[in-house]
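The paragraphs below lead through one structure step by step, beginning with its interior and moving outward to its ligands and loops. Please keep the sequence and the coordinates open beside the text while reading.

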Amino acid sequence: MRSSHPLRARPIVIGVAEACLRCGVCCAVETHFCHVQFEEEFDERYTYVYHCLSTPDPASNQGIWLCTACHKCEEVCPYETSPLRFIEAAKAEAYKRGLAPRLLTGIIAQITSTGYLFPITPSTVRRRAELGLKPLTTEAAEELRQIALKTGLTEPRGEP
Ligand code: SF4
Ligand code: SF4
């Protein structure tokens, strides 16, 4: 069977949510905390991981974007549940549905169009010259565009 790309595959890993026993180790037990647990809206009875796993439409839950994919929850879960797998699938679905934060889509557009995370402004060019640094090139941008296309991160542009 042909395997489809994760960004295009049916993504929400419902089984992961079902496998969580709400023991609280990943968020409610000090020293095992997911750092997002420090957000005010979460406490021991309503942890960040519960929040991600129990939202009816996980892809539209903006809270998923607080996860930094540190893998801590996955490593400490005594039941080998992986909230991260679920959250990443929800992010992929959100991205596909146009629900990803504009900050993120803007960064992707910036990187795939220039090859750099930050805009190259006339001031950047001038300052580099003053410091005796080589001029920046945008050769990597085309490679990044190809990678983004092949991984499903960006869609092919339509014919003019
Ligand atoms: S992977 Fe995400 S949910 Fe898990 S501990 Fe890290 S930030 Fe928290
Ligand atoms: S993901 Fe694991 S550690 Fe976290 S609450 Fe569920 S069962 Fe417990």
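In this predicted model, the largest nonpolar core holds 22 residues, of which Cys34, Tyr48, Val49, Cys52 and Ile87 touch the most other members. Helix H2 (48-54) and H4 each supply at least two residues of this core, and H4 gives the most, with seven residues. Cysteine 52 shows how distant parts of the sequence meet here: setting aside its neighbours within four places in sequence, cysteine 52 is in contact with Pro58, Asn61, Gly63, Ile64, Pro83, Phe86 and Ile87.

Around this core, the secondary structure of the protein comes to seven helices and zero strands, so that the order of elements from the N terminus reads α-α-α-α-α-α-α. Buried residues account for 19% of the 160 residues in the protein, and among contacts between residues at least 6 apart in sequence, 60% join residues at least 24 apart.

Helix H4 (83-96) deserves a closer look. H4 is mostly covered, with 10 of its 14 residues buried, and these are Pro83, Leu84, Phe86, Ile87, Ala89, Ala90, Lys91, Ala92, Glu93 and Ala94. Because a helix is expected to rise 1.5 Å a residue, the 14 residues of H4 should span 20 Å, and the end C-alpha atoms of H4 are indeed 20 Å apart, which agrees. Just after H4, glycine 98 takes a positive phi of about 75°. The following helix, H5 (residues 102-114), can be checked by the rule of 1.5 Å a residue: its 13 residues should span 18 Å, and its end C-alpha atoms are 18 Å apart, which agrees. Just after H5 there is again a glycine, residue 115, with a positive phi of about 90°.

The ligands come next. Ligand 1 has 13 residues around it, and Cys34, Cys67, Cys70, Lys72 and Cys73 come nearest. Helix H3 (72-76) and H4 each supply at least two residues of the shell around ligand 1, while H4 gives the most, with three residues. By class, this shell has 10 nonpolar, two polar and one charged residues. Ligand 2 is likewise surrounded by 13 residues, the closest being Cys20, Cys23, Val25, Cys26 and Cys77, and the shell around ligand 2 divides into 10 nonpolar, two polar and one charged. Cys34 thus appears both among the residues that come nearest to ligand 1 and among the core members that touch the most others.

Finally, some loop residues merit attention for their backbone angles. Most residues other than glycine have a negative phi. Arginine 22, however, has a phi near 55°, a positive value in a residue other than glycine, and its place is in the loop between helix H1 (14-19) and H2. Arginine 22 counts as exposed because 12 other C-beta atoms lie within 10 Å, and the limit for that class is 12 or fewer. Alanine 69 also has a positive phi, of about 55°, although it is not a glycine; alanine 69 is found in the loop between H2 and H3, and is exposed, with 10 other C-beta atoms within 10 Å.

Threonine 137 lies in the loop between helix H6 (122-130) and helix H7 (139-150). Threonine 137 is exposed, since 10 other C-beta atoms are found within 10 Å. Threonine 137 and tyrosine 116 are 21 residues apart in sequence, and their C-alpha atoms are 9.6 Å apart in space.

Terms used: Residues numbered from 1 in each chain as written. Chains lettered and ligands numbered in written order. Predicted model: local features only at pLDDT ≥ 70, side-chain atom pairs only at ≥ 80, totals over all residues. Near = placed C-beta within 6 Å. Helix = DSSP H or I, 4+ residues; strand = E, 2+ residues; numbered from the N terminus. Nonpolar A, V, L, I, M, F, W, Y, C, P; charged D, E, K, R; others polar. Buried ≥ 20, exposed ≤ 12 C-beta atoms within 10 Å, placed from the backbone. Contact = placed C-beta atoms within 7 Å. Expected span 1.5 Å × (residues − 1). Core = buried A, V, L, I, M, F, W, Y, C linked by C-beta atoms within 7 Å.
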